[in-house]
Amino acid sequence: ELGVRLKKLGLVLIKCPEAAGYHWHPAFKLADLPQAIEREIQRGRMGVLFYHKHPTFNVRLMIQMTGLHRVLWGVLSLYGWLNEKTLAKPMQWLIDRGHPRLAQELSRIFLNWYNVQAVYAAAADFKAGRDQGFRL
C-alpha cells in the first residue's frame, strides 16, 4: 500500500541489482497449514481493504481480484477439491523424502484458492455493508 501511495506522489523505484536480501524459513511441515490457510484468508481480506483505498485495475491484479484469477486458481485447485486434506498424503510423502520445499509449493495451489475465495467473500461483505470492523 505504501508503494502505491509513493508512486502517486511521483517517486520512482530505483533498482539495485547488487543489493541482496535474505529470508530464512523453517522447513515446511503439515502442522503449518492451518496457520498458512488463515494467513491467506486474512491476506485476501486485507487485499480488499487495499483495493477500496486504491480502486485501480493494477491493485485488482495485485490482490488477484479478477475473473482470470478466480478461474485460474479454481481450475488449478479443481475448485477446492485439491486442498490440505486431499493433498496431505502426497505432501507428507515429499516431506518424508527430504523435499519439504516441494511440498510447500504444492500447498500453494490450495492456499491461493483460499486467498481468492477470501477476496471475493470480503468484497461481497463490503458491498453489502458488512465490513467486519474494517474502516477505510
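**Exercise 1. Find the angle at which H2 and H6 pack, and decide how H2 lies relative to H6.**

Step 1. In this predicted model, helix H2 and helix H6 pack at an angle of about 40°, and their axes are 8 Å apart. Here the helices are DSSP runs of type H or I with at least four residues (strands are runs of type E with at least two), numbered from the N terminus. The axes are lines fitted to C-alpha atoms, for helices over the stretch in contact, and the angles run from 0 to 180 degrees between N-to-C directions.

Step 2. Angles under 35 degrees count as roughly parallel, over 145 as roughly antiparallel, 65 to 115 as roughly perpendicular and the rest as oblique. An angle of about 40° therefore makes H2 oblique to H6.

Step 3. The crossing of H2 past H6 is right-handed, where right-handed means that the near helix is turned clockwise from the far one by less than a right angle, and left-handed means anticlockwise.

Step 4. Contact means heavy atoms within 4.5 Å, and among the residues of H2 that meet H6 are Glu40, Gly44 and Val48, while the H6 side includes Phe110, Asn115 and Val119.

Two remarks on the numbers belong here. Residues are numbered from 1 along each chain as its sequence is written. Because the model is predicted, local features need pLDDT of at least 70 and side-chain atom pairs count only at pLDDT 80 or more, whereas totals for chains, interfaces and linings use all residues, and side-chain values use heavy atoms, with hydrogens and water left out.

**Exercise 2. Carry out the analysis again for H5 and H6, and name residues that make the contact.**

Step 1. The axes of helix H5, which covers residues 88-96, and of H6 come within 7 Å and cross at roughly 160°. That angle makes H5 roughly antiparallel to H6.

Step 2. H5 passes H6 in a left-handed crossing. From H5, the residues Pro90, Met91, Leu94 and Ile95 make the contact, and their partners in H6 include Leu102, Leu106 and Phe110.

**Exercise 3. Determine which helices contribute to the largest nonpolar core.**

Step 1. A nonpolar core is a set of buried Ala, Val, Leu, Ile, Met, Phe, Trp, Tyr and Cys residues joined through side-chain atoms within 4.5 Å. Buried means under 20% relative accessible area, exposed over 50%, and partly exposed in between, with a 1.4 Å probe and protein chains only.

Step 2. The largest core has 16 residues, of which Val48, Phe50, Tyr51, Val59, Ile63, Met65 and Val119 touch the most other members. The elements that give two or more residues to this core are H2 (33-53) and H6 (100-127), and H6 supplies the largest share, 7 residues.

Step 3. Val119, leaving aside neighbours within four places in sequence, is in contact with Gly44, Val48, Ile63 and Met65. A second, separate core of 12 residues includes Ala36, Ile37, Met91 and Leu94.

**Exercise 4. Describe the surroundings of Asn115, and say whether Asn115 is buried or exposed.**

Step 1. Asn115 is in helix H6 and counts as buried because its relative accessibility is 2%.

Step 2. A polar contact is a pair of N or O atoms within 3.5 Å; within protein, one must be able to donate a hydrogen and the other to accept it, and residues adjacent in sequence count only if both atoms are side-chain atoms. The side chain of Asn115 makes such a contact with the side chain of Gln64 at 3.3 Å, and the Asn115 side chain also reaches the backbone oxygen of Glu40 at 3.3 Å.

Step 3. Not counting residues up to four places away in sequence, Asn115 touches Glu40, Arg43, Gly44, Ile63 and Gln64.

**Exercise 5. Compare the settings of Gln64 and Leu78, giving phi for each.**

Step 1. Most residues other than glycine have a negative phi. Gln64, however, has a positive phi near 65°, and Leu78 has a positive phi near 55°.

Step 2. Gln64 is found in the loop between H3 (57-62) and H4 (67-76), whereas Leu78 is in the loop between H4 and H5.

Step 3. Gln64 is buried, with a relative accessible area of 10%, while Leu78 is partly exposed, with a relative accessible area of 48%.
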